[in-house]
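Reader: I've got this one open in my viewer and I'd like a close look at how a pair of its helices pack. Could you walk me through it?

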Amino acid sequence: MYVDIHRHGTETLAATLASGGIATFDGISDQAGLARLGNSLGVIVAHRDSGTDGVTTLADLGQVGTQPGYAGFSNRALPAHTDRSGVARPPHLLMVACGHEAATGGECIAIDGKAVYDDLTKSAPDALRALSHPRSVLFGGAAGYLGSVFEHTTSGRVRIRFRLDELAQYAPEALHWLPTLVEAIERHTMAFTLPAGHGYVINNHRFLHGRRAFTGSRIIYRISVDPFNRYRIPTDFAPTRPLPAADHANSCESDTVRVRIAFENGSDDPNHYPYYDDCEREPHSTPTVSEAHQLMQIHLHPDDRPCRQRRAALRVLEQAGHLRRRVPN
Ligand SMILES: O=C(O)CCC(=O)C(=O)O
Ligand SMILES: [Fe+2]
């Protein structure tokens, strides 16, 4: 996880991030140093609270930190979260460096969303399904983003988005599973101290982060970065196992979607379906030409296999002139 950026450079930092979603580094003691590192990895994305160089300086600013969405400027703990979860496309990377250590506390926390997902596939798949339900969480207040904690992207891959403060509203089913999710997050939380000059970078679509409460004049520099494509840092992660299909016997009523299926003959009873796939039975009425074509596709058996459905279909097609028997010579 630690990368000696001064020896091995940004390439190694990016490769570590691409594979594991997190990297730590040292030797960055001020805003300019962090901005330089960010610019070598990609494009620094401006933040509501950043200066013109895109760097936000986080410190305990007393009253400021008591407003919703400004807890970063307090000395309180910040529970695990995704940065900028309230926008459609949160920044891809989050990079921080410590300018001044806390007197006590202030450890950073990081949680691998892939580990949480893998844990829940085994320990609570129903929770995972509810927390993956589209439009089940409003992130960031009324003008925010309606999404889900786990967002299934393409090819079975997943992206995480999470916050647990006054700016997140959960639909009842997702709310029901929040304690299970929080316990899983706690099981996978790593905490580490950042001495002055040390920092970390995470993939904000895979890792959650936060910090513990502190005393003293802790200073953290923070930037958001969208990395250059050449580094191939994924915007999602691949779970170890896919989410198992719902067990309908145990799933609750609100998971069940009822759909009405009617067949071509207007019936919704599969037993009324006019074309059978049972070779032992005669079709219950003489098939039409188009039904006979369908039967031939259903019953693609070799000619010598006794199949009443196929025989009836061949008869209809022959009578309608669609089939000519080859005369043996
Ligand atoms: O103070 C820290 O270590 C992180 C702060 C943070 O995550 C935030 O303000 O979003
Ligand atoms: Fe954050």
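**Helix against helix**

Author: α1 and α2 are oblique to each other, and that label follows from the angle, because anything that falls outside the ranges for roughly parallel (under 35 degrees), roughly perpendicular (65 to 115) and roughly antiparallel (over 145) counts as oblique. Here the angle is about 45°. Bear in mind that this is a predicted model. The two partners are α1, which covers residues 5-20, and α2, which covers residues 31-41, and their axes sit 9 Å apart. As for handedness, the crossing of α1 and α2 is right-handed.

So which residues do the touching? From α1 you get I5, T10, L13 and A14, and they meet L37, S40 and L41 of α2. Sort that contact by type and you find five nonpolar residues and two polar ones, with no charged residue.

It helps to hold a second pair beside it. Helix α7 (residues 289-298) packs with helix α8 (residues 308-319) at about 140°, and here too the axes are 9 Å apart. That pair is oblique as well, but α7 and α8 cross in a left-handed way. On the α7 side, V289, A292, L295 and M296 take part, and across from them α8 brings Q309, R310, A313, V316 and L317. By type, the contact of α7 with α8 comes to seven nonpolar residues, one polar and one charged.

If you flip between the two in your viewer, handedness is a handy thing to check: right-handed for α1 with α2, left-handed for α7 with α8.

Methods: Residues are numbered from 1 along each chain as its sequence is written. Chains are lettered from A and ligands numbered from 1 in the order in which they are written. This is a predicted model: local features need pLDDT of at least 70, side-chain atom pairs count only at pLDDT 80 or more; totals for chains, interfaces and linings use all residues. Axes are lines fitted to C-alpha atoms, for helices over the stretch in contact, and angles run from 0 to 180 degrees between N-to-C directions. Helices (H or I, at least four residues) and strands (E, at least two) are DSSP runs, numbered from the N terminus. A crossing is left-handed if the near helix is turned anticlockwise from the far one by less than a right angle, and right-handed if clockwise. Two residues are in contact if their C-beta atoms, placed from the backbone, lie within 7 Å. Ala, Val, Leu, Ile, Met, Phe, Trp, Tyr, Cys and Pro count as nonpolar, Asp, Glu, Lys and Arg as charged, and the others, Gly among them, as polar.
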